[in-house]
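Visitor: Pick one part of this model and take me through it closely, please. Then tell me about a few other spots to set beside it.

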Amino acid sequence: MATDPSSAAAAALPSYAKAVDAYRKAVSTAATATAYVVLARGMARELLPHDLRAAASWAASLLRTRLEPRPAERRTLVIKRAPGSSSRHDGDGGLFDEVRQYLATRIDPHTMRRLCLSGGFSGAKKVLSMEPGDSMTDVFEGVAFTWASVAGDGRPGLSSESLELSFDAEHTDMALGSYVPFITASVEEARHQDRALRIYMNEGSHWQGINHHHPATFDTLAMDPDLKQSVITDLDRFLKRRDYYRRIGKAWKRGYLLYGPPGTGKSSLVAAMANYLRFNLYDLDLSEVRGNPVLQRLLNTMTNRAILVIEDIDCCFTAASREVAKDQAGEAVADEFEEESMPDVWDTPQPPLSQQHNITLSGLLNFIDGLWSTSGEERIIVFTTNYKERLDPALLRPGRMDMHIYMGYCGWEAFKTLARNYFLIDDHPTFPEIQELLSAVEVTPAEVSEMLLRSEDVDAALQCVLKFLAEKKQALGEGK
Ligand SMILES: Nc1ncnc2c1ncn2[C@@H]1O[C@H](COP(=O)(O)OP(=O)(O)OP(=O)(O)O)[C@@H](O)[C@H]1O
């Protein structure tokens, strides 16, 4: 018997209406959000046709996949330990070692489950690194770079230990163009800071070097605080100006003339500069230089990042000796560039040592200006003298030496630095009297240092200083 579909639907209608009615009641009595969700699911299952439900669930999953962020495409850069390089020492494994050294400064030991500590051989630094299988994240300019340590199989010729750098593909240029060069530059700078400084002295046409351990720093240097700060600022500016010097086509060098009485700290300032910049020192003794070609060779074989020091420059090239030369040559006027063309007139009684070997100030200045501008970078030249007034005007001309620094007698601020250096004190009952005496007499920091060294007891040492200053003042009064 055929069934009328409309009557079947009519028969089903009361049960559908009943279900709706039941759910309406249940919804009105549901107390919690969870209860609403359970009810909604049940209603959908019972009240919605199967096909409609399937379509709704398909649409929901499609929406989910569209809205959910897709995992970014990743890139991995593999940096392998150079074949044959030892795992025990730093510095022989090229980029691999550089990265390892860099990561040692970035590892947070508190977040790593396992850590590897290596190095320490023959005084070498100990280095923290990841164990193979571990990884860490380094953030550079706001971008996360992940490093993983991957073990090699230990057999020569087969895959070697590596460090793997992973990053989002969109940061590939940054990784290769900025991040890796930044790592290399950071490690180079750290090595530069850690290296032992050397001081070289000329022997014939060669330099002989030894390690340089002068303890002077800008902190221990007793001098006017404003002047000290201006020297530090000038050095800092010099270091930052590589591009500027290139652009204006000038040699990247800086010249300082230090002058003042003996024992005021000129040599100490040179040592403080070397320690501050971590530059090697080249102490040029012009009396040992036999002629301009040797001078040229010595200057040419200096390394970058170095300070050339010529002490007591007044003993090498004096204005007085030039005047003698000019008088003997019967010339009213001569400029410093004529010196080389008249070597015979330098043959005066007791000429400066350099002139005995035909070394001329113009030769020195020309080499420094000319040769250094084409070879080498980051050079500093320091001339020292106790007698600025005796110097050849060619050296004092504006633009020759960038900064003239007067190292004077011991003032109050300089004394406080010395007291801090020797006894770690900032105040003492004798200080007011010492301050008053220092304003009345001229004593050098070297003399005061010597008094402070006379006793290990602070009171006794300061009494020595007081006595010394009082005697100086008395002598001054008697001399009037
Ligand atoms: N300004 C200073 N600050 C700290 N210590 C100083 C200072 N001046 C001198 N001294 C002490 O005196 C010693 C000699 O000083 P230094 O050789 O630096 O003086 P100088 O001006 O170079 O002397 P010279 O002109 O005789 O070469 C130093 O080793 C240091 O102990």
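Guide: Let's go to residues 87–91, where pLDDT (the predictor's confidence in each residue, from 0 to 100) stays under 50. For that stretch the model has 13 contacts beyond four places in sequence, a contact being heavy atoms within 4.5 Å. Keep in mind that this is a predicted model, where local features need pLDDT of at least 70 and side-chain atom pairs count only at pLDDT 80 or more, while totals for chains, interfaces and linings use all residues. Residues are numbered from 1 along each chain as its sequence is written, and side-chain values use heavy atoms, with hydrogens and water left out.

Residues 319–349 also stay under 50 in pLDDT, and there the model has 44 contacts beyond four places in sequence. As for the whole chain, pLDDT averages 81, with 77% of the residues at 70 or above. The model's scores are ipTM 0.97 and pTM 0.68.

Now for two single residues. Val465 belongs to helix α17, residues 458–479 (helices are DSSP runs of H or I, at least four residues; strands are runs of E, at least two; both are numbered from the N terminus). Val465 counts as buried because its relative accessibility is 1% (buried is under 20% relative accessible area, exposed over 50%, partly exposed in between, with a 1.4 Å probe and protein chains only). Beyond its neighbours within four places in sequence, Val465 touches Phe415, Ile434, Met451 and Leu452. Ile434 is 31 residues away along the chain, with 7.8 Å between the two C-alpha atoms.

His212, in the loop between β8 (206–211) and α6 (225–240), is at 10% relative accessibility, so this residue is buried too. Its contacts beyond four places in sequence include Arg198, Asn275 and Leu281.
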